[in-house]
Amino acid sequence: MRRSIPILLIILPLLAACSIVFPVSAPPTSVATTVPTALPSLPTAPTISPSPPASLSPSTPTPQHPTPSASLTAYSDQPVPSKVSSSSSSASFSVRFHPDGALYVGDLVSLEVIVEDGRNLDGLEVQVMVPDGTILGPMGFGSYGIERRTQATLTWVWDTTALEQGEHTLAFSLLPDGESWTETVSLLPVSELPYPEPGAH
């Protein structure tokens, strides 16, 4: 213990001398940071104003967009009408011409005279006068088809071989009732008959 005291007396003056030669600076209290006050400006893109559209002159064609055809319709439960071009003056009767579809010069035509108002025509007959004065029939009425509709059927009675193309008016009359009406039918030229029908019999 006695030896440690002289050693301390030697070390303490040395430490004091070192602090004078090499002073210990206090740690920095704050770090100064330099923050730029303004960012460098970037070059701006030039603004382009849109030019007004050129006006279309009346001679400039306007593009047209195709529209759906009215013929492209959804399937229907309604029966497809016959292609025979005809007109009737009667609301009580309808006439169907055969062969089905369009009629052509040279066809041997059959007729179905159908009662539309549901009357009972037992005992009555129908006759038809064609444009050349020939009388077709008379033929009585009966029940036909699944619905047992009332009609008179005249089979292969009108030969159109000697007729011209165009419209022909047929006169219908009930016997002995006396009721009458007309049907106008259009015959197409035989040259327009589609293949293979020209060779059909």
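A nonpolar core is a set of buried Ala, Val, Leu, Ile, Met, Phe, Trp, Tyr and Cys residues joined through side-chain atoms within 4.5 Å, and buried means under 20% relative accessible area, with exposed over 50% and partly exposed in between (1.4 Å probe, protein chains only). The model is a predicted one: local features need pLDDT of at least 70, side-chain atom pairs count only at pLDDT 80 or more, and totals for chains, interfaces and linings use all residues. Residues are numbered from 1 along each chain as its sequence is written, and side-chain values use heavy atoms, leaving out hydrogens and water.

**Exercise 1. Find the largest nonpolar core and say which strand supplies the largest share of it.**

Step 1: the core has 26 residues, and Val113, Val126, Phe141, Leu170 and Phe172 have the most contacts inside it.
Step 2: at least two core residues come from each of β2 (93-98), β4 (108-115), β5 (125-129), β8 (149-159), β9 (166-175) and β10 (180-188). Strands here are DSSP runs (E, at least two residues), helices likewise (H or I, at least four), numbered from the N terminus.
Step 3: β4 gives the largest share, four residues.
Step 4: zoom in on Leu170. Skipping residues up to four places away in sequence, Leu170 touches Phe97, Leu111, Val128, Met129, Val130, Trp158, Trp181, Thr182, Glu183 and Val185; a contact means heavy atoms within 4.5 Å.

**Exercise 2. Work out the strand order of the open sheet that holds β2 and β4.**

Step 1: four strands line up as β2-β4-β8-β7, with antiparallel pairing. Two strands pair if DSSP finds at least two bridges between them.
Step 2: β2 and β7 (142-144) are the edges, each pairing on one side only.
Step 3: β2 and β4 share six bridges, and Phe97 has Leu111 of β4 as its bridge partner.

**Exercise 3. Is Gly178 buried or exposed?**

Step 1: place Gly178 in the loop between β9 and β10.
Step 2: its relative accessible area is 54%, so Gly178 is exposed.
Step 3: check the distance to Val126. The two C-alpha atoms are 9.7 Å apart, with these positions 52 residues apart along the chain.

**Exercise 4. Decide which stretch has pLDDT below 50.**

Step 1: pLDDT is the predictor's confidence in each residue, from 0 to 100. The protein averages 74, and 54% of its residues reach 70 or more.
Step 2: the stretch is residues 65-83, which has three contacts in the model beyond near neighbours in sequence.
Step 3: where pLDDT is low, don't read the predicted coordinates in detail.
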